[in-house]
Amino acid sequence: IATEAGEDRLEVFSRGIRNFLVGFGFQEVVTFMMTSPEKLFHRMTLPVEPIVETSNPKMEGYTCIRNSLLPGLMEVLASNKHHSHPQNIYEVDDAVLLDPSTATGARSEKRLALALCHARANFSEVKAVLNSILKNLAVEAEIEEGGLDCFIEGRRFIATVDGEPLCWAGEVKPESIEAWDLEIPVAALEMNVEKLFKLTMA
């Protein structure tokens, strides 16, 4: 049976997002899949939750698989804090979530995370980036206050479509900024790229 080879449509879509963000002035980074609960939760001021952990870790700092991309971006910013600002970075890659309905007990989910790090980084700026992404893809979302605890209350939001979360964003808490040994404000977001892709196909 003859079949036509082709690139995965989600990967094509993800590349389009990458190109859009580069045009928006962001620099792409690539971070490790392996990390630690200390980075995922403690430094992000987030409550600990079940994650995929390794049974025999070889290094203390790499004991689990990330369930979020944002801590990796914060680590990049921390490693580059002595360089000039602004530093506006992003990553499009997989996070791994526990899922008892799968054969392995876990599943990967394509995510986008981006961070703006400069003296005036704020809620309005990261919201404008999100609005530009959604407008470019002709996707409509409801924006409401709330979201992840790593963001400042009243300076954070969650974007939903048909009641399902699509994106979490806001200004990173000072406690998290300090935990990463940063001295400059950070505004950031994390988005479910797979859900975004499906919305563009609807």
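The following conversation introduces the sheet, the cores and some local features of a predicted model.

Q: Before we start, what kind of model is this, and which residues count for local features?
A: The model is predicted: local features need pLDDT of at least 70, side-chain atom pairs count only at pLDDT 80 or more, and totals for chains, interfaces and linings use all residues. Residues are numbered from 1 along each chain as its sequence is written, and side-chain values use heavy atoms, with hydrogens and water left out.

Q: What is the strand order in the sheet?
A: The open sheet has 7 strands in the order β1-β4-β5-β9-β8-β7-β6, and its pairing is mixed. Helices (H or I, at least four residues) and strands (E, at least two) are DSSP runs, numbered from the N terminus. Two strands pair if DSSP finds at least two bridges between them.

Q: Which strands are at the edges?
A: The edge strands are β1 and β6 (142-145), and each of them pairs on one side only.

Q: How does β1 join β4, parallel or antiparallel?
A: Strand β1 (residues 27-28) and β4 run parallel, joined by 2 bridges. Glu 28 stands opposite Tyr 90 in β4.

Q: And how many bridges are there between β4 and β5?
A: There are 12 bridges between β4 and β5, which pair in the antiparallel sense. Leu 97 has Arg 107 in β5 as its bridge partner, and Ile 89 stands opposite Ala 115 in β5.

Q: What about the other edge, β6 and β7?
A: β6 and β7 run antiparallel and are joined by 4 bridges. They form a hairpin with 5 residues between them, and Gly 146 in the turn has a positive phi of about 130°. Glu 145 stands opposite Phe 157 in β7.

Q: Changing topic, which residues have the most contacts inside the largest nonpolar core?
A: That core has 30 residues, and those with the most contacts inside it are Leu 21, Leu 112, Leu 114, Leu 189 and Leu 196. A nonpolar core is a set of buried Ala, Val, Leu, Ile, Met, Phe, Trp, Tyr and Cys residues joined through side-chain atoms within 4.5 Å. Buried means under 20% relative accessible area, exposed over 50%, and partly exposed in between (1.4 Å probe, protein chains only).

Q: Which elements give two or more residues to this core?
A: They are α1 (9-23), β4 (87-98), β5 (106-117), α4 (123-136), β7 (151-161), β8 (164-172), β9 (186-192) and α6 (193-201). α4 gives the most, with 6 residues.

Q: What is Leu 21 in contact with?
A: Leaving aside its neighbours within four places in sequence, Leu 21 is in contact (heavy atoms within 4.5 Å) with Phe 26, Tyr 90, Leu 112, Leu 114, Val 129 and Ile 133. There is also a second, separate core of 22 residues, which includes Leu 73, Cys 150, Val 172 and Val 186.

Q: Which residues of α6 are buried?
A: The buried residues of α6 are Val 193, Leu 196 and Phe 197. They cover an arc of only 100° around the axis, which puts them on the same side of α6; the arc is that of the directions from the helix axis to the C-beta atoms. What covers these residues includes α1, β4, β5, α4, β8 and β9.

Q: How many aromatic pairs are there?
A: The structure holds 5 aromatic pairs. Rings of Phe, Tyr and Trp (its six-membered ring) pair if their centres lie within 6.5 Å; planes under 30 degrees apart count as stacked, over 60 as edge-to-face and the rest as tilted. The rings of Phe 123 and Phe 157 have centres 5.4 Å apart and planes at 85°, so this pair is edge-to-face. Phe 123 lies in helix α4 and Phe 157 in strand β7, so the pair ties together parts that are 34 residues apart in sequence.

Q: Phe 123 and Phe 157: buried or exposed?
A: Both Phe 123 and Phe 157 are buried.

Q: Where is the cis peptide bond?
A: The cis peptide bond joins His 85 and Pro 86, with omega about 10°. Pro 86 lies in the loop between α3 and β4.
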